Amino acid sequence: MDVPLPRPLLHTVAVIDLTVDGVTAGALEPGTAGIRFIPAAFGRHGYGGPRPIPGHGPHHYRLHVFAIDKAIPREVTTPRALLATMSGHVLGRGPLTGTYER
């Protein structure tokens with residue numbers, strides 16, 4: 001187990017507007033045009049990078065990308081509401097896993 005918690009920690013939830021055709025390195029920050037954040041763990045907005053517990057060994061970071069056929073309304077403000085809104089509208093999805101330790 002990577003994190004000594006009862007369930008995985010959700011670091012970042014980003015909703016990328018349909019008009020955005022790419023995201024450059026470092027762009028997952030509040031204020032980036034076409035990207036809004038839904039508060040995740042600890043109420044954070046934006047991506048802060050991996051920060052595993054020092055000396056705890058390698059931690060896995062999983063990124064899940066979803067293509068959906070509708071815009072996400074501004075009223076959707078929690079990860080649970082986002083998943084409910086996406087239900088039945090996923091056109092494709094892809095995972096990416098990276099590891100990091102310090």
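**Group meeting: one predicted chain, residue by residue**

The protein chain has one helix and four strands. In sequence order they run β-β-β-α-β. Please keep in mind that this is a predicted model.

Some overall values to start. Along the principal axes, the C-alpha atoms of the protein chain fill a box of roughly 40 × 25 × 25 Å. The chain has 102 residues, and 22% of them are buried. Its exposed area is about 7300 Å², with 59% of that supplied by carbon and sulfur atoms. As for contacts, take those between residues at least 6 apart in sequence: 58% of them join residues at least 24 apart.

I will begin with strand β2, residues 35-38, which holds R36. What is the nearest side chain of opposite charge to R36? It is D17, 7.3 Å away, and R36 has no salt bridge although it is buried. A salt bridge here would need a side-chain nitrogen within 4 Å of a carboxyl oxygen, so D17 at 7.3 Å does not provide one.

The R36 side chain does have backbone oxygens around it. A polar atom of that side chain lies 2.7 Å from the backbone oxygen of I72. The R36 side chain also reaches the backbone oxygen of V76, in this case at 3.4 Å. Setting aside neighbours within four places in sequence, the contacts of R36 are V13, A14, V15, I72, P73, R74 and V76. I72 and V76 therefore appear in that contact list under a cut-off of 4.5 Å between heavy atoms.

Staying in strand β2, we come to I38. Is I38 buried or exposed? I38 is buried, because its relative accessible area is 2% and the limit for buried is under 20%. Beyond four places in sequence, I38 is in contact with V13, V15, R44, V76, T77, T78, P79 and L82. V13, V15 and V76 are on the list for I38, and they are on the list for R36 as well. For a longer separation, I38 and Y100 are 62 residues apart in sequence, and their C-alpha atoms are 24 Å apart in space.

Next, the helix. T85 sits in helix α1, which covers residues 79-86. With a relative accessibility of 15%, T85 counts as buried. Apart from residues up to four places away in sequence, T85 touches K70, I72, P73 and V76. Of these, I72, P73 and V76 are also contacts of R36, so the helix residue T85 and the strand residue R36 have those three partners in common.

Now two loop residues that touch each other. L28 belongs to the loop between β1 and β2, and G46 to the loop between β2 and β3. Which residues does L28 contact, leaving aside its neighbours within four places in sequence? They are A14, V23, I35, F37, G46 and Y47. On the same basis, G46 is in contact with T12, L28, P30 and F37. F37 is thus found in the list for L28 and in the list for G46, given the 4.5 Å cut-off.

The two loop residues fall in separate accessibility classes. L28 is partly exposed, at a relative accessible area of 27%. G46 counts as buried, at 3%. As for distances, L28 and T12 are 16 residues apart in sequence, with 9.1 Å between their C-alpha atoms. G46 and R80 are 34 residues apart in sequence, and from C-alpha to C-alpha they are 18 Å apart.

Towards the start of the chain there is L10, in the segment before β1, which itself spans 13-16. L10 is partly exposed, at 39% relative accessibility. Not counting residues up to four places away, L10 touches A40, A41 and P79. P79 is a contact of I38 too. A84 lies 74 residues from L10 along the chain, and the C-alpha atoms of the two are separated by 17 Å.

Last, the surface. Where is L63 found? L63 is in strand β3, residues 59-68. With V65 and L96, L63 makes a nonpolar surface patch of about 280 Å². The relative accessible area of L63 is 45%, which means L63 is partly exposed. Patch residues need over 30%, so L63 at 45% passes that limit.

That is the tour: from R36, buried without a salt bridge, to the nonpolar patch that includes L63.

How values were computed
Residues are numbered from 1 along each chain as its sequence is written. This is a predicted model: local features need pLDDT of at least 70, side-chain atom pairs count only at pLDDT 80 or more; totals for chains, interfaces and linings use all residues. Side-chain values use heavy atoms; hydrogens and water are left out. Patches are made of residues with over 30% relative accessible area and no salt bridge: like charges are joined within 9 Å, nonpolar side chains (Val, Leu, Ile, Met, Phe, Trp, Tyr) within 5 Å. Accessible areas come from the Shrake-Rupley method with a 1.4 Å probe; for residues, only the protein chains shown count as cover. Helices (H or I, at least four residues) and strands (E, at least two) are DSSP runs, numbered from the N terminus. Buried means under 20% relative accessible area, exposed over 50%, partly exposed in between (1.4 Å probe, protein chains only). Lys and Arg count as positive and Asp and Glu as negative; His and the chain ends are not counted. A polar contact is a pair of N or O atoms within 3.5 Å; within protein, one must be able to donate a hydrogen and the other to accept it, and residues adjacent in sequence count only if both atoms are side-chain atoms.
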